[in-house]
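Student: I should like to work through the packing and sheet arrangement of a protein model. May we take it up step by step?

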Amino acid sequence: MKRPKAHFILLGGFLGAGKTSAIARLAPYLSDQGLRVVVITNDQGERLVDTAALRARSLQTSEVTGGCFCCRFDALLDQCRFRGAEAPDVYVAEAVGSCADLAATVAAPLARLHGDRFTVAPLSVLIDPAQARSMLGLESRRTFSPAVRYLYLKQLEEADFLVLNKSETLAPAAMEALRAALAARFSQAEVFSVSVRDGAHLEAWFSRILLEERRPRPPIELDYDLYAAGEASLAWFDAASSLERGEPFNADRMLLAFADEVRAELRRRGHRLAHLKISLAEPGAADQSGLTLVQVIAELQPPQLSQSLGRTTTGGELTINLRAEADPQDLPEMIWAALEKSAPPGLRQKPSFQQCFRPGRPQPTHPRA
């Protein structure tokens, strides 16, 4: 099913909603239909676990780093440079989890200014049910600051499709109640309930974003001062370090312990975890067989092994992506101490990269019309 113009599928959603995992399901679905697919990841930081994880699945993946798609729109277009025989039929773009206003500053300019090159799919915003129940006030639990909650709700308000992920994590009655609450509050969007992990109910959503084109509608009301405050309250920590040990060790077990220690320490210090991803890639690893990946989606949920190495190893390249509502200066010492505490005896580490910051005020390349 070759297309005369590339189809552009943009995925939004808060940190930990499951966007990368959804792409790992969506891209093969598209490829199975004879479509050439290019994935574009996006982040405020420079070293992305997501990019490495998707490339390990043999997906053609490029990235836009150092800012969100809306602020680095020209860089996004640069990643859509393919022509001739290399030109993809579909681009799948994963936006930064702290980004809002995607409809007005990314989807609309793509269609308006580059409609000769792209058709733009309806904007899908993925949702973690536990996060949504907290943000919507459906359960009493510690949540993010009002500014972050504002950002989160605006993500849902601009969606064409709300994709309620992780349906396996709630009882059917609770999931249906959440689905009804979303439909009532965000009536502009169609709600899908799916399980990316189990592969359940994905066909209905996938077929719609492949076959349909986004219908223009007026942009949502958005207070950029409050939105910027929400982004700035989230700290970004990205780091890389080479690990080496003379004796083999269980990398899966070590990363799980490391992630759990970081999660616990953040909570002890009163910080609010948004998302944590940690990967270890063996030297020369070209596919999933040489990669282990652990993530933490919420402070009350234990670490999850997303990709298992399944055997012992003597080392590799460690990559850490942490997003938390915290003071950035609190994070480096805390994280390296957690690694030291979790590491097996004799493990040597050599940090090669570190950045820790708050995202700056959004400055869209194409401000809302």
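Tutor: The following exchange treats the nonpolar cores first and the sheet afterwards. Please keep in mind that this is a predicted model.

Student: Which helix gives the most residues to the largest nonpolar core?

Tutor: The largest nonpolar core has 59 residues, and F8, L10, I40, F69, Y91, L162 and L182 have the most contacts inside it. The helix that gives the most to this core, with six residues, is α6 (residues 146-157).

Student: With which residues is L182 in contact, leaving aside its neighbours within four places in sequence?

Tutor: L182 is among the residues with the most contacts inside the largest core. Contact here requires heavy atoms within 4.5 Å. With those sequence neighbours left aside, the partners of L182 are I127, L136, L156, L162, L164 and V191.

Student: How many residues are in the second, separate core?

Tutor: Among the members of this second core are L309, L318, I320 and L331. Its total number of residues is 31.

Student: Which strands are the edge strands of the open sheet of six strands?

Tutor: The sheet has antiparallel pairing and runs in the order β12-β11-β10-β13-β9-β14. An edge strand pairs on one side only, and this applies to β12 (304-307) and β14 (348-357).

Student: What angle does the direction of helix α10 make with that of β10?

Tutor: Strand β10 (residues 272-281) pairs with β11 (residues 291-296) over six antiparallel bridges. Helix α10 (residues 251-268) packs on the sheet and touches β9, β10, β11, β12 and β13. The direction of α10 and that of β10 make an angle of about 160 degrees.

Technical notes: Residues numbered from 1 in each chain as written. Predicted model: local features only at pLDDT ≥ 70, side-chain atom pairs only at ≥ 80, totals over all residues. Heavy atoms only, no water. Core = buried A, V, L, I, M, F, W, Y, C linked by side-chain atoms within 4.5 Å. Buried < 20%, exposed > 50% of the residue type's maximum accessible area, 1.4 Å probe, protein only. Helix = DSSP H or I, 4+ residues; strand = E, 2+ residues; numbered from the N terminus. Pairing = 2+ DSSP bridges. Axes fitted to C-alpha atoms, helices over the stretch in contact; angles between N-to-C directions.
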